[in-house]
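Subject: The model to look at

Hi,

Here is the structure I promised to pass on to you. Have a look at it first, and then read my notes below.

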Amino acid sequence: MTPLHRLATAVAPLVALAACHADTASLEPIAWQKVAGPGPGGSVLGPGATGDFDERGNFTVRAFRDVGAVQDGSGTKIRLYYGGSDATADTGDPSCGTGINDSHWRIGLAESADGVNFTRVRGTETGGSILDLGTQVGAFDSYLAYRPFVLKDGAVYRMWYNGSTKPFNCPPGTLANDRRIGYADSTDGVGWTKHYDGAGPGGSVLPLGAKGELDAQQVGYVWVLHDGDQYKMYYSANDELNYWRVGLAVSSDARTWTKVRGKLANGSILDLGPPGSFDAACAYQPSVVKETDSLYRMWYRGCQAPGPFGGPSRGTIGYAESNDGITWVKIPQNGPLGEAITAGATGSFDSVGLTTPSVFIDGSTWTMYYAGFDANGVFLTGLARAPR
Amino acid sequence: MGARLVLSLLLAGASAAASAQTMLDQERHLIDIHSLLLDLPPLEAPGALPPGRLSVGLEAVTIPRIDGTTGTKRQITASDRTPLFPRPRLALGLPAPEGFRAMVGASYIPPVAIRDVSTHYGAAEAAMAWTPGPLRAGLRGHLLYATSRSPVTEPATRDALETWEYGADLSAGWSVSLPPATLEPYAALGVVHLRGRFRVTSDGYVLRSQYTGAALDAGLRFVFRDRWEGVAEVEAYPGRLVHTNFRAGYLFH
């Protein structure tokens, strides 16, 4: 071999590798799979018994695995807190129909060992609920009490919930225009004490924002993290144009809250998507999991277009990530428009839309409970899981 | 045969699938890649410097295209700014027992801003080589500390990346005499550990990454008249980065 050949042999690999590159990481969406339950249309919790607080449906859920504090003392079960609709029609307005629109909503509890088959825990309040409507004069939750978010915080169960003085979408086209955030606490997660001592209207937790702010009209659908020495409240905020986004408030004691203005539209931390996206009309009802110090995950309800009467309609579940729990980036998932989960097939309980995702890590499995509804406006609870 | 083996190893490393599930993984990969670009590679054949020989060189570190996508955002990466950056480097041959050669080296980059990017960089290395004849084998340790300021999250800001890095490698080379020149192909296999700390200036958020991985190097040293030196090297960090380094130097006797 001549010296020239030697040189060529040595240089050839270098030339071949001249196409250098950097291996950046690719995203891998979480592979959610719906789990059919024993309830109607594959739901995991069907309607309650006649006369009960949840006779017409259950919705707006929050679930988590509760270790060591269940009714039968068996150790650990999944607790599902939910809003339920009774069969009252107090408004007497026939245009409101026979669904959930002019009925009263209260809060109930069901438990499960396997996460699929649930047993209701009958409370001592009206119709077997565990949290009733406010009865004092001027109570902000005199007509509706729903969407419970329960945080087991040491020895205390803390509940934040939606309250309203008016029925939902009755007469049609009004939706609920008085939603506020209530607070209650408990030592066992079943018997609750309400507190009407917040800074919001009627002693609710959060005051409304000023004109032009993201929360100028309504607040609700909260998710609270106990994050180090701080509580972070992710709350749904409704502006004067009836758009729902996500806002943030923080607290050192879980009782007194300070709003943190976000960088996005009207001070939000999660904004609507661009026209045509699955969350162009609403992005709210956050469910937040802090997985590591620098990884926060959020699932939320997105609406592609306003309903025929204004406000959000239908709904799918979207997904976002954050390093600090404050600045969020939406991450496309496996759905046709980047959704994490979409409505089910015809005949399923969630064939029209999804609301209120509630996600937690259950060992090596991501677990999401959510509310779904069909073309008849019946709301029931569903389950989806994904490998972690 | 040796070159084929090295080539196979490098290609295997280069094609290693880099997969992740979250935006955080993407961000940490970017920290790793930008930190590894600063790594102090061998860029020299083992036992290249006899005692008392001083090598003064200027190196060019090439930057491949780096995709700055994190989630649905796009960060500004080093490759958006420049295809390469220069690095001055000194190496001095030390006294060593018969049949061995030893050296120490250092590199320093002052914090001068070029195209909105400044890097304050210091690195050091020490190596020992067994040199019984044309075939040589070496052991080297190296460490560096660097702070870089550049627009990453937004064009108008100056975010900061702080990097601690150390590593070691084993190398083997062959010295071929072609008067008045000498050719020395070499290859090295090492391990590197880095700690990167990225701070977003706009909100003060700090993101950290730690990475430990293999470092594979293959290069060719060319020495002319025992004075002028040129080195070309391919460096691979499997799953993170494959790039080239070049060196032009002068040897003081």
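Chain A has a radius of gyration of 23 Å, which agrees with the value near 21 Å for a compact globule of 388 residues. That radius is taken over C-alpha atoms, and the globule rule is 2.2 Å times the number of residues to the power 0.38. Along its principal axes, the C-alpha trace of chain A spans about 100 × 50 × 45 Å.

Before you go further, please note that this is a predicted model: local features need pLDDT of at least 70, side-chain atom pairs count only at pLDDT 80 or more, and totals for chains, interfaces and linings use all residues. Residues are numbered from 1 along each chain as its sequence is written, while chains are lettered from A and ligands numbered from 1 in the order in which they are written.

How sure is the predictor? For the complex it gives an ipTM of 0.79 and a pTM of 0.86. The pLDDT is its confidence in each residue, from 0 to 100. Chain B has a mean pLDDT of 91, with 92% of its residues at 70 or more. Within chain B, confidence is lowest in helix α1 (residues 2–14), at a mean of 43, and highest in strand β5 (residues 100–109), at 98. Over residues 1–20 of chain B the pLDDT is below 50, and beyond near neighbours in sequence this stretch has 37 contacts in the model. A contact here means that the C-beta atoms of two residues, placed from the backbone, lie within 7 Å.

Now to the fold of chain A. Its secondary structure comes to one helix and 21 strands; helices (H or I, at least four residues) and strands (E, at least two) are DSSP runs, numbered from the N terminus. Four of the strands form an open sheet in the order β2-β21-β20-β19 (chain A), with antiparallel pairing. Two strands pair if DSSP finds at least two bridges between them. At the edges stand β2 (33–35) and β19 (353–362) of chain A, each with a single partner strand, so one side of each has no neighbour in the sheet. β19(A) is joined to β20 (residues 365–373) of chain A by eight bridges, and A:L354 has A:G372 in β20(A) as its bridge partner.

What about the inside? Of the 388 residues in chain A, 54% are buried, meaning that 20 or more other C-beta atoms lie within 10 Å of a residue's own (12 or fewer is exposed, in between is partly exposed; C-beta atoms are placed from the backbone). By contrast, A:D188 counts as exposed because it has 10 C-beta neighbours inside 10 Å. A:D188 lies in the loop between β9 (180–186) and β10 (193–195) of chain A.

Finally, try strand β1 (residues 54–62) of chain B. Its side chains alternate: B:S55, B:G57, B:E59 and B:V61 point to one face and are buried, whereas B:L54, B:V56, B:L58, B:A60 and B:T62 point to the other and are not. β1(B) runs antiparallel to β4 (residues 84–94) of chain B, with nine bridges, and B:E59 stands opposite B:R87 in β4(B). Eight bridges join β1(B) to β13 (residues 241–252) of chain B, also antiparallel; there, B:V61 has B:N245 as its bridge partner.

Happy exploring!

Technical notes: pLDDT = per-residue confidence, 0-100.
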